[in-house]
Structure formats: structure tokens, C-alpha cells
Amino acid sequence: MKYCPGTSGFWEERGVSRRDFLKFCTAMTAALALPVSLAPRIAEALEDDKRPSVIWLEFQSCTGDTEALLRAANPTVGEIVLDVLSVDYAETIMAAAGFQAEEARHKTMKERSGTYIAIVEGSIPTGANGAYCCIAGRSALDIAREVCGGAMATITVGTCASYGGIPAAAPNPTGAMGVKDAVPGATVINLPGCPVNTDNLVATVVHLLTFGKLPAVDGKGRPLFAYGKRIHDNCERRPHFDAGQYVEQWGDQAHRKGHCLYKMGCKGPETFHNCPSQRYNEKTAWPVSAGHGCAGCSEPYFWDSMTPLYKRLPNVPGFGIETTADTIGLGLAAATAAAFGVHGVVSAFRKGDESEGAKED
């Protein structure tokens, strides 16, 4: 593989070795489902010292997505904030406060209009004219319309910002909703999950820096590289599902052996996310590997549609998974896998993606 002369010099000045820098660029091609031949192009984009300005807004949230950012490992939050992005406004991590903080946001919006990236954490309450969440005397709805409306792109991090999340669960007293519903005219890409996987956030930004546009998305506004396959398709416990080996009770022998958690309420068969491959905590673990079923948190309105969390899914329309969980055999498993194998919108959206990565694929 050839890399342009001088590649990673910008990063070496910041204590990052050429080897680690190139490993990161290669890892980004894998995360984005791009051919490794595009790693030099990613390296070139990341070496550009013109870091994009970011305004990170936080509304109705538990701050879990900011916490996920602070625990990022490859790259670390320091590398993301100081080298990859110019985070001009982020209430939790910025030194400024009060009027100074608001001044920083307004300055970025004025000087970088149409070129900055907005990242939104938390749902936007619309009830009571937005009174449920106000910052500097203005409602979250007004701020979101202003900031997202003037951004080059808006990235929602976490399910609350993407679809309303738990604040929007019935009866939704605050009128909470996701960014795209609250600001219909904004260019939005959703990275749902509780919390967001920071690897997916970095990969989305890297795609934007490399190709000048957001990656291809599915029908729910999620990037296909991260949400193109079901949890069930890549789960390490999938062989046990196919073999009819299920956990029947927490702590039983099957649970200790790592058997399938479907009967214990795992929502993997209805959830699209790359948790099994990207994982959390420096790619070491995710809920299912720790013995807990998927909660379906990357799906819209999961709190209403996926609960009770510890009861098995009802019949999934068109696939009969409730029956196969009891009568699964090898032949039936193959038929089920074939039926589940295609994420309906992938081919349609991928066909329309004119990025270099799509052409190479």
C-alpha cells in the first residue's frame, strides 16, 4: 500500500506515531465498509490542518453521549477535540461559561456559517412553547432551529436526539422529539444508541472530511456502514440460536455457557446496529457479550415498542421467529437467516450513493 510523502507528519508533531496514524486510517476504512485502498485518501483528509468547527448542543439527555465521547480510546477525546475537530461550543467540556460560552457559539455561527458541523445530544421538547428546556433564556427548539439550520450538517448522537428516546416515551409530557422532526429543513444524519458508539461518530466525521458529504443512510436516517445489518446477524451467540440453544432463566447453565438470549427478551432480531463488531470500552465488550440481551435502543420509539425488556419478542411480521425459537432446526435456521439477511433499504440507498467508497465497493 502506498501513502503520499509526508503523510502523518501533522500527527507526529502531536505525539502520534506514523504507524498508529496509518493504523487508525485503515481502521476507519473498515468501520466505513470502504476498501483499504482508500486509506491514503482518509489520511490526506485528516492531515489537513483546517479542522471543521463543531457546535455540540445538549438538550433533554442524561449526558451519556458526552460521557461516551470522554471515554473514547482510538482516537482519544483529546485527539478528537484538539486534532480532528475544532469543538468551539460544548457545554460540558468547554472552559467558558455563561455569556462567554454563548458568545463562542454565536461567533462560530457567524464566521463559519454553512461550514460548521452541529452535533446534537438529547431530545428537543416542544411542549409549552419549548419551556421544558431553556438555555440562556432561549428554548432548545429555537436554538436547534438556529444552529442546525445554519450548519453544513447535523449529526445526532444517541437515540434521544435521533428519535426522541426515553423522553418521548408515552405519554411524552414534554412533547419531546428528534432533531429531524423538530428542524425538518436541516441536513441530519442519525447515530442512535444508548449511548452513541464514539467510533461511529468519528467514522461519520471522517467520511464527511474525506468525501465532502455524509455517508449513505437507511430509511431512518442512519448510516449504512453502522446500521446496515441487524444485531442478530453478527451476534456471537447466533450459532446457539441456530442450534436451538437458549437461556431459559438468568444464571442457568445455558446462561453460563453463553447461549442465545432471545427467550430472555433480547431484541437483536429487530435491531439494526454494529454493536457486535464495534463494541464499547475499546472494543472489548457490549451488552450481549456481558450476558444481557439487546434492548433495541437504536430503533425509533424503542421504549414503547421493545418493552417489556425481559420478555421475548412477539411474532416478527413475515418471519415467524416466535415459532422458530421453539422448533428451530438446521434447515429452518437457514431459511430464517435467508429471510432476515437483507436490510430492505440498503440496496436502494447504496445504489444512490455516488461517493468514492460506493464506487470502489
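1. A good place to start is Tyr310, which has a relative accessible area of 48% and so counts as partly exposed. On this scale, buried means under 20% relative accessible area, exposed means over 50%, and partly exposed lies in between, using a 1.4 Å probe and protein chains only. Please keep in mind that this is a predicted model, in which local features need pLDDT of at least 70 and side-chain atom pairs count only at pLDDT 80 or more, while totals for chains, interfaces and linings use all residues. Residues are numbered from 1 along each chain as its sequence is written, and side-chain values use heavy atoms, with hydrogens and water left out.

2. Now the overall picture. The protein has 20 helices and 9 strands, where helices (H or I, at least four residues) and strands (E, at least two) are DSSP runs numbered from the N terminus. Of its 361 residues, 53% count as buried. Among contacts (heavy atoms within 4.5 Å) between residues at least 6 apart in sequence, 72% join residues at least 24 apart.

3. The strands deserve a careful look, and E3 is a handy anchor. Strand E3 covers residues 117-121, and 5 of its 5 residues are buried. Ile117, Ile119 and Glu121 lie on one side of E3, with Ala118 and Val120 on the other, so to speak two covered faces. Strand E1 (residues 53-58) pairs with E3 in the parallel sense over 5 bridges; two strands pair if DSSP finds at least two bridges between them. In that pairing, Glu58 stands opposite Glu121.

4. E3 also has E7 as a partner: the two run parallel and are joined by 5 bridges, with Ile117 opposite Ala153 in E7. Strand E7 (residues 153-157) in turn pairs with E9 in the parallel sense, over 4 bridges. There, Val157 stands opposite Leu191 in E9. Strand E9 (residues 188-191) points Val188 and Asn190 one way and Ile189 and Leu191 the other, and all are buried.

5. What about the aromatic rings? A pair of aromatic rings is described by the distance of the centres and the angle of the planes. Here, rings of Phe, Tyr and Trp (its six-membered ring) pair if their centres lie within 6.5 Å; planes under 30 degrees apart count as stacked, over 60 as edge-to-face and the rest as tilted. By this rule there are 4 aromatic pairs. One of them joins Phe241 and Tyr246 edge-to-face, at 5.8 Å centre to centre and 90° between the planes. Phe241 is buried because its relative accessibility is 0%, and Tyr246 is buried as well, because its relative accessible area is 6%.

6. Another edge-to-face pair brings us back to Tyr310, which meets Trp250 at 5.9 Å centre to centre with 85° between the planes. This pair links distant parts of the chain, 60 residues apart: Trp250 is in the loop between helix H13 (238-242) and helix H14 (253-256), and Tyr310 is in the loop between helix H16 (302-305) and helix H17 (321-327). Trp250 has 37% relative accessibility and therefore counts as partly exposed. As for clusters, Phe241, Tyr246 and Tyr262 form one.

7. Next, a helix pair. Two packed helices are described by the angle between their axes and the distance between the axes. Helix H6 (residues 98-111) and helix H7 (residues 140-149) pack at about 35°, with axes 10 Å apart. The contact is made by Arg105, His106 and Met109 of H6 and Ile143, Glu146 and Val147 of H7. These residues divide into 3 nonpolar, 1 polar and 2 charged. For the classes, Ala, Val, Leu, Ile, Met, Phe, Trp, Tyr, Cys and Pro count as nonpolar, Asp, Glu, Lys and Arg as charged, and the others, Gly among them, as polar. Axes are lines fitted to C-alpha atoms, for helices over the stretch in contact, and angles run from 0 to 180 degrees between N-to-C directions.

8. Arg105 is worth a second glance, with its charged end over the ring of Tyr89, 5.6 Å from the centre. The rule asks for NZ of Lys or CZ of Arg within 6 Å of the ring centre and within 35 degrees of the ring normal.

9. Finally, Val81 in helix H5 (residues 77-84) is buried because its relative accessible area is 18%. Leaving aside neighbours within four places in sequence, Val81 is in contact with Arg51, Ser86, Val87 and Ile93.
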